[in-house]
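Student: I should like to learn how to read the features of a protein model. Could we go through them one at a time?

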Amino acid sequence: MTADQIADGSSSGLSVEDRAPGYKAPILSTGSEATRVIGVIALLSTAAMLAFGLLISPPDLFQGDSVRLFYLHVPVAIVALYLAFTITLIGSVIHLVNGSTFWDLLAGAAAEVGVVFLGLTLVTGMLWGRPTWGSYWEWDPRLTSTAVSFVLYLGYLAVRKLDMDPAARSRRAAVLGIVGFANTIIVKYSVSWWRSLHQGSTLKPLDSQIEGLMMFSFALGLVSMLSIFAWLVMHRFRLAWLQHRVDAHRLEAALLERRSEGEAGIAKSGLAPGGA
Amino acid sequence: MLRDARLVAAKDLRIEWSSKVLTAQVLPFGFLVLILFGFGISPERIVQGKDGRSVLEDVSPALFWLAVLFSALLALGRSFAIEADDGNLDALQLAGLEPAGVFLGKTAAVAVELAVLEVVVGSGALLLYGATIRHWLLLIVVLVTTTLALSGAGILYAALGAGLRVRDTLVPLLVLPVLAPVLLGATRATEAALFGAAADGWSWAGFLGAFSLLYLGAGILLFGALLEES
């Protein structure tokens, strides 16, 4: 068996099902046709969002220029809370059911990018809150539940980075990915219940209906954030996949080395199997 | 499953009874936290418009549950520390115990420990912070449901850190955000039991009951995946 055979995976014992869809050996970059197209979409839509959001769309009747944060803040929040952690949930369930490496790594990649987006949601929200409500932080149900989810998924990422047996680690992460999602929902309801016992929701960031140019700028923001998210997750996933394969090959190579050492030793001593 | 749970719970409680770690270390810790809160919040300050209650009395439900929460972290860590040696968790499986039974047993043992802790720390809080109980039944229901919620969700998450060198730092990070709604519900319900109308408290008690059932169910279903090491 040659080193090339090991490198291209043809003798690694990994079946075709173990590979990512569209896998072509050997992979030298985490980019592909798809990520390049998505990357171009991301760049163009972000540029368009900046132009429409900052310059072309009109200031809001009530909020003035601070409404422009809406075009960034809301898409980021939608991608983080509704897309990223849903992928993590689905990936975790499938991994626990059939042990799929693909879904395990995808769940991890989505969570990692999702945490960044959730952090951006908090930061842009606080920057928006200062001119709108007069303070960076209000103990509003939405804010509170978002902050708790942020910490929850930081914990998820901490588990994924644990120094332990990869299979057991993936299972622990998957359990956390499932229960964490459920808990995010519970936190959301409990904190809105907590406030509603005292006062109604007084904070409605956007009570005026949006239309025309504002709606278009928002749509651009959504396309921009979705494509950036997809681009990052695809690259992150491929990187994790390559790391996974490198680990598998190292193990394979080490086993081969041991085996050939053993065979050489047996040949030298004349104690071939079945002989003597 | 229930027989396995009873065996595991009895084993854990026997270990705690003979080692005295809970009574000698965790209980004093809970009491210490109560006293420290007293240092941090001046007892002389009076809240305006709240029947002349002191600040300390006004926030006593929150302080009591925070003290219980921090002590619960110690009890949870302890529950898996006693299994860390000699691959004990594997041994429990090899002995033919169902994972769901192990989960329920460890949960029950921690629940009993927390119940003892709550009675002791709670008495301390009543004495130190000068609160009085208005609705006894509500308070008892809240104590029971919160204890189940803390121990059920706590054991499920503490198992994620079982057998790791970073267990002591990882488990609080995982457990505390999960228990945030429990702290919220228990505090509101206890406030109702001490100062206010019982009606508000009962809806929170219902929430705590639902939370504990949900996590007991999740633990029964998922604990196997955590125990089953490669």
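Student: Which side chains meet Lys11(B) in a salt bridge, for example?

Tutor: A salt bridge is recognised when a side-chain nitrogen of Lys or Arg lies within 4 Å of a carboxyl oxygen of Asp or Glu. In this predicted model, the side chain of Glu83(B) meets that of Lys11(B) in such a bridge, at 2.6 Å from N to O. The two residues are 72 residues apart and belong to distant parts of the chain: Lys11(B) is in helix 1 (residues 2-19) of chain B, and Glu83(B) is in the loop between helix 4 (60-81) and helix 5 (88-94).

Student: Is Glu83(B) buried or exposed?

Tutor: The cut-off for a buried residue is a relative accessible area under 20%. Glu83(B) has a value of 3%, so this residue is buried.

Student: How many salt bridges does the whole structure contain?

Tutor: A search over all chains finds twelve. One of them joins Arg236(A) to Glu112(A), whose closest N and O atoms are 2.9 Å apart. Because Arg236(A) lies in helix 7 (residues 212-269) of chain A and Glu112(A) in helix 4 (residues 101-133) of chain A, the pair ties together parts that are 124 residues apart in sequence. Both partners are partly exposed: Arg236(A) has a relative accessibility of 23%, and Glu112(A) has one of 25%.

Student: Where do the partners Arg188(B) and Glu191(B) lie?

Tutor: Both are found in helix 8 (residues 167-194) of chain B, three residues apart, which is about one turn of the helix. Their closest N and O atoms are 3.8 Å apart, and the two form a salt bridge. Glu191(B) is partly exposed, at 24% relative accessible area. Salt bridges may also share partners; in this way Lys11(B), Asp12(B), Glu83(B) and Lys106(B) are joined into one network.

Student: How should I read the packing of two helices?

Tutor: Two packed helices are described by the angle between their axes and by the distance between those axes. For helix 4 and helix 6 of chain B, the angle is about 150° and the axes are 9 Å apart. An angle over 145 degrees counts as roughly antiparallel, and these two helices are therefore roughly antiparallel to each other. Helix 4 of chain B passes helix 6 of chain B in a right-handed crossing.

Student: What is the handedness of the crossing of helix 8 and helix 9 of chain B?

Tutor: That crossing is left-handed. The axes of helix 8 of chain B and helix 9 (residues 198-227) of chain B come within 8 Å and cross at roughly 150°. Helix 8 of chain B is thus roughly antiparallel to helix 9 of chain B.

Student: Which residues form the nonpolar patch on the surface?

Tutor: The patch consists of Phe31(B), Leu32(B), Ile35(B), Leu36(B), Phe39(B), Leu127(B) and Leu128(B), with about 730 Å² of accessible area together. Helix 2 (21-40) and helix 6 (99-129) of chain B each supply at least two of its residues, and the largest share, five residues, comes from helix 2 of chain B. Ile35(B), in helix 2 of chain B, is partly exposed, with a relative accessible area of 32%.

Student: How many helices and strands are there in chain A?

Tutor: Chain A has seven helices and zero strands. Of its 276 residues, 41% are buried.

Conventions
Residues numbered from 1 in each chain as written. Chains lettered and ligands numbered in written order. Predicted model: local features only at pLDDT ≥ 70, side-chain atom pairs only at ≥ 80, totals over all residues. Heavy atoms only, no water. Helix = DSSP H or I, 4+ residues; strand = E, 2+ residues; numbered from the N terminus. Buried < 20%, exposed > 50% of the residue type's maximum accessible area, 1.4 Å probe, protein only. Patch = residues over 30% accessible without salt bridge, like charges linked within 9 Å, V, L, I, M, F, W, Y side chains within 5 Å. Areas by Shrake-Rupley, 256 points an atom, 1.4 Å probe, with all protein chains shown as cover. Axes fitted to C-alpha atoms, helices over the stretch in contact; angles between N-to-C directions. Parallel < 35°, antiparallel > 145°, perpendicular 65-115°, else oblique. Left-handed = near helix turned anticlockwise from the far one by under 90°.
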